[in-house]
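This report describes one protein chain, moving from selected residues and helix pairs to the chain as a whole. Please consult the sequence and structure shown here alongside the text.

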Amino acid sequence: MTYDNKFKLRAIEYYEEGNTIRQTAQVFKISPNTLNTWLKQYREHKNFASKPRTYTHGKLKEQALLDFLKDNPDAYQYEMAEHFGVSQMAIWKALRRFGVTRKKDKAV
């Protein structure tokens, strides 16, 4: 659940008036752990601004992966992951995103 910044500030002010963590949590119907998190964030940053999310999408370049596959057609996904310094799941998602299938044809 997301709480309004004003609500968080009221809870902190209530706590700083001399009430305990447990009392404050009961009054505001939140977890004591939540209140502790808010207190820590407020003491460190003096606000509750959300941290910007960082995405690493795009770290794996399509052409580099395709060139690697051309040079190493029998490479396993974990080997590709080690080569590119990413997780095996990143390789799987990239192959899927680029439309590359690893299915082998049956011998006739």
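## Ser87 and the pair of helices 5 and 6

Ser87 lies in the loop that joins helix 5 (77-84) to helix 6 (88-98). The model is a predicted one, and in it Ser87 has a relative accessible area of 41%. Ser87 is therefore partly exposed, since this value falls between the limits of 20% for buried and 50% for exposed residues. Gln77 is 10 residues away from Ser87 along the chain, and the C-alpha atoms of the two are separated by 9.0 Å.

The two helices on either side of this loop pack against each other at an angle of about 105°, and their axes are 8 Å apart. Because angles from 65 to 115 degrees count as roughly perpendicular, helix 5 and helix 6 fall into that class. On the side of helix 5, the contact is formed by Gln77, Tyr78, Met80, Ala81 and Phe84, while helix 6 contributes Gln88, Ile91, Trp92 and Leu95. Gln77 thus appears both in the C-alpha pair with Ser87 and in the contact between these helices.

## Helix 4 and its partners

Helix 6 also packs with helix 4 (residues 62-71): their axes come within 11 Å and cross at roughly 100°. Helix 4 is therefore roughly perpendicular to helix 6. Glu62, Leu65 and Leu69 of helix 4 meet Ile91, Ala94, Leu95 and Phe98 of helix 6 in this contact. Ile91 and Leu95 of helix 6 are listed in the contact with helix 4 and also in the contact with helix 5.

Ala64 belongs to helix 4. With a relative accessible area of 34%, Ala64 is partly exposed. The C-alpha atoms of Ala64 and Phe84 are 9.1 Å apart in space, with their positions 20 residues apart in sequence. Phe84 is one of the helix 5 residues in contact with helix 6.

## Lys8 and the pair of helices 1 and 3

Lys8 is part of helix 1 (residues 5-16). What is the salt-bridge status of this buried lysine? Lys8 has no salt bridge, and the nearest side chain of opposite charge, that of Asp4, is 8.3 Å away. A salt bridge would require a separation within 4 Å. Beyond its neighbours within four places in sequence, Lys8 is in contact with Tyr3, Trp38 and Phe48.

Helix 1 packs with helix 3 (residues 32-45) at an angle of about 95°, the axes being 10 Å apart. The two helices are therefore roughly perpendicular to each other. Helix 1 takes part through Phe7, Lys8, Leu9, Ala11, Ile12 and Tyr15, and helix 3 through Leu35, Trp38, Leu39, Tyr42 and Arg43. Both Lys8 and Trp38 are among the residues that make this contact.

## Lys29 in the loop before helix 3

Lys29 is located in the loop between helix 2 (21-28) and helix 3. Its phi angle is near 55°, a positive value in a residue other than glycine. Lys29 is exposed, with a relative accessible area of 71%, whereas Lys8 is buried.

## The chain as a whole

The chain contains six helices and zero strands, which gives the pattern α-α-α-α-α-α along the sequence. Of its 108 residues, 23% count as buried. The accessible surface comes to about 8800 Å², and carbon and sulfur atoms account for 50% of this area.

Among the contacts with a separation of 6 or more, 47% are between residues 24 or more positions apart.

Methods: Residues are numbered from 1 along each chain as its sequence is written. This is a predicted model: local features need pLDDT of at least 70, side-chain atom pairs count only at pLDDT 80 or more; totals for chains, interfaces and linings use all residues. Side-chain values use heavy atoms; hydrogens and water are left out. Helices (H or I, at least four residues) and strands (E, at least two) are DSSP runs, numbered from the N terminus. Buried means under 20% relative accessible area, exposed over 50%, partly exposed in between (1.4 Å probe, protein chains only). Contact means heavy atoms within 4.5 Å. Accessible areas come from the Shrake-Rupley method with a 1.4 Å probe; for residues, only the protein chains shown count as cover. Lys and Arg count as positive and Asp and Glu as negative; His and the chain ends are not counted. Axes are lines fitted to C-alpha atoms, for helices over the stretch in contact, and angles run from 0 to 180 degrees between N-to-C directions. Angles under 35 degrees count as roughly parallel, over 145 as roughly antiparallel, 65 to 115 as roughly perpendicular and the rest as oblique.
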